[in-house]
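Biologist: I am new to this structure and would like a close look at a single part of it. Please pick one helix, go through it with care, and then place it in the rest of the chain.

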Amino acid sequence: KIIWAAQPIVARSEAEARERQREIVERIPLEAGLATMAGHFNLDLSTVTLDTRLSELPEIDGTRGMLELYRRDGADPTLREVARGYLNLAASPLCGTPAHVADLLQHMIEDGGGHGFQLTPAYYAPDYYRDLVELLIPELQRRGCVRTEYKGSTLRALLEEF
C-alpha cells in the first residue's frame, strides 16, 4: 500500500493558517534544519560555511530530490536560507482552509495514486489535532476520501481494509 505523509495546517481562514505556519517556522532552530539536511544529504555540513550556495556543495551521496527542489527554476540559495526552512513547512501548500487542503490531498490520491495518508503534526498542540478532527476530516469525508466507519479494531485490521 502507498500511504502519503502529510503535515497539513488547517484553520477556518487562510490568514489564520498562515499565521500558525509562521509561528511554527519561527520556533525551529537553524541547527535543526542543518542536522536534518546533513542526514538527508549524507554530507558533513560542519565543513562548509552557512553562506555556501547549494551549487558550491561537494557531491551529495544522499538524497538528492530535496536538494533539487530548492534549486528549481535556477534558484541557488545558501545553506543558511535552506536550513531555516528545510522540511519545516515554510512553503508547504498544505496550509489553508479545510477546502483548500482537502483539494490538495484529494489531488494527491486521485492523480498520484495511493491508498491514504499518514497525517503527521508539524508541531504538538491540542489545537492542531482538534482542527484536523473538526475541520479537515469532515471535509475529506464529505468527498469520500476518508472513511466514516471502520470494521477493524487493530492497526493491522485497519490497514487490511485498504
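Modeller: Let me start with one residue, tyrosine 129. It counts as partly exposed, because its relative accessibility is 37%. Keep in mind that this is a predicted model. Now take tyrosine 128. Its relative accessibility is 3%, so tyrosine 128 counts as buried. The cut-off for buried is under 20% relative accessible area. Tyrosine 128 and tyrosine 129 form an aromatic pair. Their ring centres are 5.6 Å apart. The planes stand at 90°, and the pair is edge-to-face. The count of aromatic pairs comes to 1.

Tyrosine 128 leads us into the helix I have picked, H6, which covers residues 126-142. How far should its 17 residues span? At 1.5 Å a residue, the expected span is 24 Å. The end C-alpha atoms are 24 Å apart, which agrees.

H6 also has a bend. The bend is about 35° and sits at leucine 136. A proline, proline 138, follows within four residues. Just after H6 comes glycine 144, with a positive phi of about 80°.

Which residues of H6 are buried? They are Tyr128, Asp131, Leu132, Leu135, Leu136, Glu139 and Leu140. An α-helix has 3.6 residues a turn, so residues three or four places apart point the same way. With that in mind, look at the buried residues Tyr128, Leu132 and Leu135 in H6. Tyr128, Leu132 and Leu135 also belong to a core of 12 residues, which includes Ala102 as well.

What covers the buried residues of H6? The cover includes strand E2 (9-10) and helix H1 (14-27). It also includes helix H5 (98-112) and strand E4 (116-119).

Two of these covering helices deserve a stop. In helix H1 we find arginine 20. At 14% relative accessibility, arginine 20 counts as buried. Its side chain reaches the backbone oxygen of valine 10, at 3.1 Å. In helix H5 we find glutamine 106. Glutamine 106 is buried too, with a relative accessible area of 17%. Leaving out residues up to four places away in sequence, glutamine 106 touches Arg143 and Cys145.

Now step back to the chain as a whole. It has 162 residues, and 31% of them count as buried. There are 7 helices and 4 strands. From the N terminus on, the elements run β-β-α-α-α-α-β-α-β-α-α. Along its principal axes, the C-alpha trace spans about 55 × 35 × 30 Å. Take the contacts between residues at least 6 apart in sequence: 65% of these join residues at least 24 apart.

The core that H6 shares in is a second, separate one. The largest nonpolar core has 14 residues. Met37, Phe41, Leu45 and Leu57 have the most contacts inside it. Helix H2 (30-41) and helix H4 (79-85) each give two or more residues to this core. H2 gives the most, with 4 residues. In soluble globular proteins, nonpolar side chains tend to be buried together.

Two members show how this core is joined up. Phenylalanine 41 lies in helix H2. It is buried, with a relative accessible area of 1%. Setting aside neighbours within four places in sequence, phenylalanine 41 is in contact with Ile60, Asp61, Gly62, Thr63, Leu67 and Tyr86. Phenylalanine 41 and leucine 57 are 16 residues apart along the chain, and their C-alpha atoms are separated by 10 Å. The other member is leucine 45. Beyond its neighbours within four places in sequence, leucine 45 is in contact with Leu34, Met37, Ala38, Leu57 and Leu79.

Finally, look at two loop residues. Most residues other than glycine have a negative phi. Asparagine 42 is not a glycine, yet its phi is positive, at about 55°. Asparagine 42 lies in the loop between H2 and helix H3 (65-70). At 52% relative accessibility, asparagine 42 counts as exposed. Aspartate 73 also has a positive phi of about 55° although it is not a glycine. It is found in the loop between H3 and H4. Aspartate 73 is exposed, with a relative accessible area of 80%.

Note on methods:
Residues are numbered from 1 along each chain as its sequence is written. This is a predicted model: local features need pLDDT of at least 70, side-chain atom pairs count only at pLDDT 80 or more; totals for chains, interfaces and linings use all residues. Side-chain values use heavy atoms; hydrogens and water are left out. A nonpolar core is a set of buried Ala, Val, Leu, Ile, Met, Phe, Trp, Tyr and Cys residues joined through side-chain atoms within 4.5 Å. Buried means under 20% relative accessible area, exposed over 50%, partly exposed in between (1.4 Å probe, protein chains only). Contact means heavy atoms within 4.5 Å. The expected span of a helix is 1.5 Å times one less than its number of residues. The bend at a residue is the angle between axes fitted to the seven residues ending there and the seven starting there. Rings of Phe, Tyr and Trp (its six-membered ring) pair if their centres lie within 6.5 Å; planes under 30 degrees apart count as stacked, over 60 as edge-to-face and the rest as tilted. A polar contact is a pair of N or O atoms within 3.5 Å; within protein, one must be able to donate a hydrogen and the other to accept it, and residues adjacent in sequence count only if both atoms are side-chain atoms.
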